[in-house]
Amino acid sequence: MPELPEVETVRRGLQPVLEGATITRVEARRPDLRFPFPEKFSQRLAGKTIIALGRRAKYLTMDIEGGPVLICHLGMSGSFRVETADGSDMPDIFHHDRSKSSTHDHVVFHVVSPAGASSRVIFNDPRRFGFMLFAEGLPDVHPMLAGLGVEPTGNTLDGALLASLMKGRRSPLKAALLDQRLIAGLGNIYVSEALWRAGLSPLREAGTIARPGKKAQAQSERLAEAIRSVISDAIAAGGSSLRDYMQTDGSLGYFQHSFAVYDREGEPCSKPGCSGHIERIVQSGRSTFYCRTCQR
């Protein structure tokens, strides 16, 4: 499932086409995806201007003039494709062919930019685990978004805040970091990478980085910085292309070429001075990759 950097990459790919554009019509080619489309889905969007395209955790949000807010989730295999008026894809230097089977083109947004350029924004989802729902009013109170924790981007997530979130928790550190009620949008891949950067074991109790003293304070600060940096680096690289994920122009993300631990079982640890090897263990049914030599 796409993680936060992939969703942010999709948002940035759609932003130049959608923000400020007017939706002339919407084709919903089936009655549902993971959930049924909202009542009068196409009619309520037609003729409206898109004010802003945002992201909350792993959800895309589309602020529509006069409401409602459209909440989109890519699910397991969902992707957006942008086509210009002549039917060509938006170009990119890392372009790869992708499926354009109309069988899986479930939603088509026909939009016109303020300058009069027409485009089609197509949502393709072979497995149909994605969804589009309306939020009537503030999106943060919608059931899908309510209760989500702090975003792991920018400087909001610092060592002090991270320590306060982990204080008293006896669950493994990796499990606590994956709790969306604490930190919104962190997924399996980037938690493994951040823990490696911070030199912390995914098996240690989460509360150990919130204990009194300079050692725990240094650990929480190191981990907060690692989380922010790994997310930032992944966004800059266009995300990670695993299985179905692709960007809006059909290109692949490239951060997977920078993985230090994820999916590198048996390989030597790349941290300078470390003689360990990457191991794979299973935590809560998910694969965890780490180096037991330098991650304590």
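Select Q219. At 8% relative accessibility, this residue counts as buried, because the cut-off for buried is under 20%. Q219 sits in helix α6. Bear in mind throughout that this is a predicted model.

Now show what surrounds Q219. Setting aside neighbours within four places in sequence, Q219 is in contact with L200, R204, T208 and I209. Keep R204 on screen; it is a later stop.

**Helix α6**

Widen the selection to residues 214-236, which make up α6. Pick the C-alpha atoms at its two ends: they are 33 Å apart. That agrees with expectation, because 23 residues at 1.5 Å a residue should span 33 Å. Step past the helix to G238. The phi of G238, which follows α6, is positive, near 85°.

**R204**

Go back to R204. Which loop holds R204? The one between α5 (188-198) and α6. R204 counts as buried, because its relative accessibility is 19% and the limit is under 20%.

List the contacts of R204, again without neighbours within four places in sequence. They are S171, P172, L173, I209, Q219 and R296. Q219, the opening stop, is thus among the contacts of R204. Draw a distance from the C-alpha of R204 to that of P172. The two are separated by 5.5 Å, yet the residues lie 32 apart along the chain.

**The annotated residues**

Select H104, R127 and R169. UniProt, in an unreviewed entry, annotates these three as "binding site".

Center on R169. Its place is the loop between α3 (159-166) and α4 (173-177). Is R169 buried, exposed or partly exposed? At 32% relative accessibility, R169 counts as partly exposed.

Turn on side chains here. The side chain of R169 reaches the backbone oxygen of L165 at 2.8 Å. Beyond four places in sequence, R169 is in contact with L182, E205, A206 and G207.

Move to R127. This residue lies in the loop between β7 (118-124) and β8 (131-135). R127 also counts as partly exposed, because its relative accessibility is 40%.

**The β2-β3 hairpin**

Select residues 50-56, strand β2. How many of its seven residues are buried? Five are, and the strand is mostly covered.

Add residues 59-64, strand β3. The two strands run antiparallel, joined by six bridges. Pick R55 and look across: L60 in β3 stands opposite.

Follow the chain through the turn. β2 and β3 form a hairpin with two residues between them. Stop at A57, in that turn, where phi is positive, about 55°.

**A260**

Jump to A260, in the loop between α6 and β9 (279-283). With a relative accessibility of 7%, A260 counts as buried.

Display its contacts, leaving out neighbours within four places in sequence. They are E193, W196, S270 and I278. For S270, add a C-alpha distance: A260 and S270 are separated by 6.8 Å. Along the chain, 10 residues part them.

**Two cysteines**

Select C269 and C294. Each is the other's closest cysteine by sulfur position. Why is there no bond between C269 and C294? Their sulfurs are 3.7 Å apart, too far for a bond, because a disulfide calls for sulfur atoms within 2.5 Å. By this rule the count of disulfides comes to zero.

Check the surface at both cysteines. C269 is buried, with a relative accessible area of 8%. C294 is buried too, with a relative accessible area of 18%.

**Zoom out**

Show the whole chain and color it by secondary structure. The protein has six helices and 10 strands. Recolor by accessibility: buried residues make up 54% of the 296 residues.

Last, bring up a contact map. Take the contacts with a separation of 6 or more. Residues 24 or more positions apart account for 66% of them. The R204 to P172 stop fits here, with those residues 32 apart along the chain.

Definitions and conventions:
Residues are numbered from 1 along each chain as its sequence is written. This is a predicted model: local features need pLDDT of at least 70, side-chain atom pairs count only at pLDDT 80 or more; totals for chains, interfaces and linings use all residues. Side-chain values use heavy atoms; hydrogens and water are left out. Buried means under 20% relative accessible area, exposed over 50%, partly exposed in between (1.4 Å probe, protein chains only). Helices (H or I, at least four residues) and strands (E, at least two) are DSSP runs, numbered from the N terminus. Two strands pair if DSSP finds at least two bridges between them. The expected span of a helix is 1.5 Å times one less than its number of residues. Contact means heavy atoms within 4.5 Å. UniProt positions are given in the numbering used here, feature names are shortened, and annotations may be inferred rather than shown by experiment. A polar contact is a pair of N or O atoms within 3.5 Å; within protein, one must be able to donate a hydrogen and the other to accept it, and residues adjacent in sequence count only if both atoms are side-chain atoms.
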